[in-house]
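Open the model in a viewer and keep the selection tool at hand. The stops below are meant to be taken in order.

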Amino acid sequence: MGEVCFVTWIYGKKYIGYLPLYLYSIHKNYQDYGVKIFLENKLPTYIKEILVEFNLLKNTDIIEDFAMDLTSMCKSGIERRCIRWLIDSEYFGDTYKYLYFGDVDIYIVGENPALDAQHIDHINNSDNCYSNSLRLSVRDYFFSKDRNKISFKHLFRLTGLHFIEAERYFKRTKFAQSKIKKYLGMHRIKLIDYFLNDDERCLWLVIFLSGLKFPKGSYQLTDPLAFRPLHGVHFAIGREQEAYKSNFQTFPELKNEQYKYYKLFEQEYNSDRKLRMLIERLPIYTHLIIEKTCSFWGDVLGEDEIQTT
């Protein structure tokens with residue numbers, strides 16, 4: 001049995017451009033770990049060419065046209081995002097002890113302690129079979145002194161970065177996953193559809209139906225009890241700059257945490273010519289969002305953008 005596998009689900013075509021960079025970051029910083037990529041569609045030829053050119057297919061399993069029976073029953077792109085929480089043990093067997101479900105538009109940086117060590121420690125300390133954080137707990141929504149800073153929309157959501165102890169987790173969630181899959185093809189109920197209208201709510205529903213414990217604390221309030229490290233720079237900032245600026249003004253702790261990861265990415269970028277070459281080979285849209293992310297940190301925090309030479 002291997003130790004850790006990174007897992008991501010890519011639906012549609014918009015995010016596929018991040019795949020080479022995502023794989024490069026894992027192979028650079030966690031080269032002994034496996035990677036499983038689940039694609040809604042076929043892998044585009046130009047992306048495959050980049051993966052081959054930069055030798056990014058080692059320890060990597062790419063599953064194309066995944067779960068077409070489920071995606072065909074989804075009412076929207078948002079529902080198709082939920083599929084990642086319905087990937088069951090069948091696709092992993094007993095190959096890996098731990099799985100880390102993450103976003104493809106995050107560059108995973110090197111850390112000490114390592115990503116898996118941080119989450120295994122969190123699992124052991126919380127007596128649970130997964131490591132994640134609630135966006136906002138019900139208790140904190142009603143009783144927190146910072147309640148005026150937060151929105152109801154953050155309730156009933158875990159974050160999209162999910163580390164699991166595979167055997168124990170799948171044993172507990174198998175029933176919930178199968179029920180939600182079956183529901184997709186049934187007569188719909190608005191209450192349940194509410195939890196399928198956001199992939200983080202879908203994960204909350206899986207945990208709820210499985211009878212698993214929810215984490216302590218509220219990530220959206222930067223509660224010290226909440227544990228949800230990004231482990232890298234999230235390029236979503238480049239797409240939603242104004243939203244991030246507003247959130248960081250309200251919660252400067254989040255800004256400082258994410259800036260820490262950006263600086264680690266910047267160091268790797270400036271010291272790794274191959275990484276710079278790879279970014280130049282990415283699709284125009286992906287490259288533009290990466291540039292906007294770097295510009296964001298320069299504008300917000302008064303630092304220079306990453307060097308391109």
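## Stop 1: aromatic rings

Select Tyr-18 first: its relative accessibility is 2%, so Tyr-18 counts as buried. Bear in mind throughout that the model is predicted.

Add Tyr-15 to the selection. The ring centres of Tyr-15 and Tyr-18 are 6.2 Å apart and the planes stand at 35°, so this pair is tilted.

Next, show Tyr-107 and Phe-265. Here the centres are 5.0 Å apart with the planes at 65°, so the pair is edge-to-face, an angle over 60 being what that label requires. Which elements hold the two rings? Tyr-107 sits in strand S5 (residues 106-108) and Phe-265 in helix H12 (residues 252-271). The two residues are 158 residues apart, and the pair links distant parts of the chain. Both Tyr-107 and Phe-265 are buried.

Now widen the selection to Tyr-15, Tyr-18, Tyr-107, Phe-235, Tyr-244, Phe-248, Tyr-259, Tyr-262, Phe-265, Tyr-269, Phe-296 and Trp-297. These residues form one aromatic cluster, which takes in the rings of both pairs just visited. The count of aromatic pairs comes to 36.

## Stop 2: charges over rings

Select Tyr-219 together with Arg-228. Arg-228 lies over the face of the Tyr-219 ring, 4.7 Å from the ring centre. Then select Lys-260 and Tyr-261, where Lys-260 lies over the face of Tyr-261 at 4.6 Å from the ring centre.

## Stop 3: a helix pair

Show helix H1 (residues 19-29) and helix H13 (residues 273-281) as cartoons. Their axes come within 10 Å and cross at roughly 165°. How are the two helices oriented to each other, roughly parallel or roughly antiparallel? H1 and H13 are roughly antiparallel, because the crossing angle is over 145. The crossing of H1 past H13 is right-handed.

Turn on side chains to see the contact. From H1 it is made by Pro-20, Leu-21 and Tyr-24. From H13 the contributors are Lys-274, Leu-275, Leu-278 and Ile-279.

## Stop 4: helix H5 and the loop before it

Select Asp-121, which is placed in helix H5 (residues 115-126). Asp-121 has a relative accessible area of 44%, so it is partly exposed. Measure from there to Ser-137, using the C-alpha atoms: the two residues are 16 residues apart in sequence and 22 Å apart in space.

Then go to Pro-113, in the loop between S5 and H5. Asn-112 and Pro-113 are joined by a cis peptide bond, with omega at about 5°.

## Stop 5: backbone with positive phi

Why look at backbone angles at all? Most peptide bonds are trans, and most residues other than glycine have a negative phi. Two residues with a positive phi close the tour.

Select Asn-59, in the loop between helix H2 (45-53) and strand S3 (60-63). Asn-59 is not a glycine, yet its phi is positive, at about 55°. With a relative accessible area of 39%, Asn-59 is partly exposed.

Last, select His-231, which is found in the loop between helix H9 (199-210) and strand S8 (232-234). His-231 is not a glycine either, and its phi is positive at about 65°. Is His-231 buried or exposed? His-231 counts as buried, because its relative accessibility is 0%.

Terms used:
Residues numbered from 1 in each chain as written. Predicted model: local features only at pLDDT ≥ 70, side-chain atom pairs only at ≥ 80, totals over all residues. Heavy atoms only, no water. Phe/Tyr/Trp six-rings, centres within 6.5 Å; stacked < 30°, edge-to-face > 60°. Buried < 20%, exposed > 50% of the residue type's maximum accessible area, 1.4 Å probe, protein only. Helix = DSSP H or I, 4+ residues; strand = E, 2+ residues; numbered from the N terminus. Lys NZ or Arg CZ within 6 Å of the ring centre and 35° of its normal. Axes fitted to C-alpha atoms, helices over the stretch in contact; angles between N-to-C directions. Parallel < 35°, antiparallel > 145°, perpendicular 65-115°, else oblique. Left-handed = near helix turned anticlockwise from the far one by under 90°. Contact = heavy atoms within 4.5 Å.
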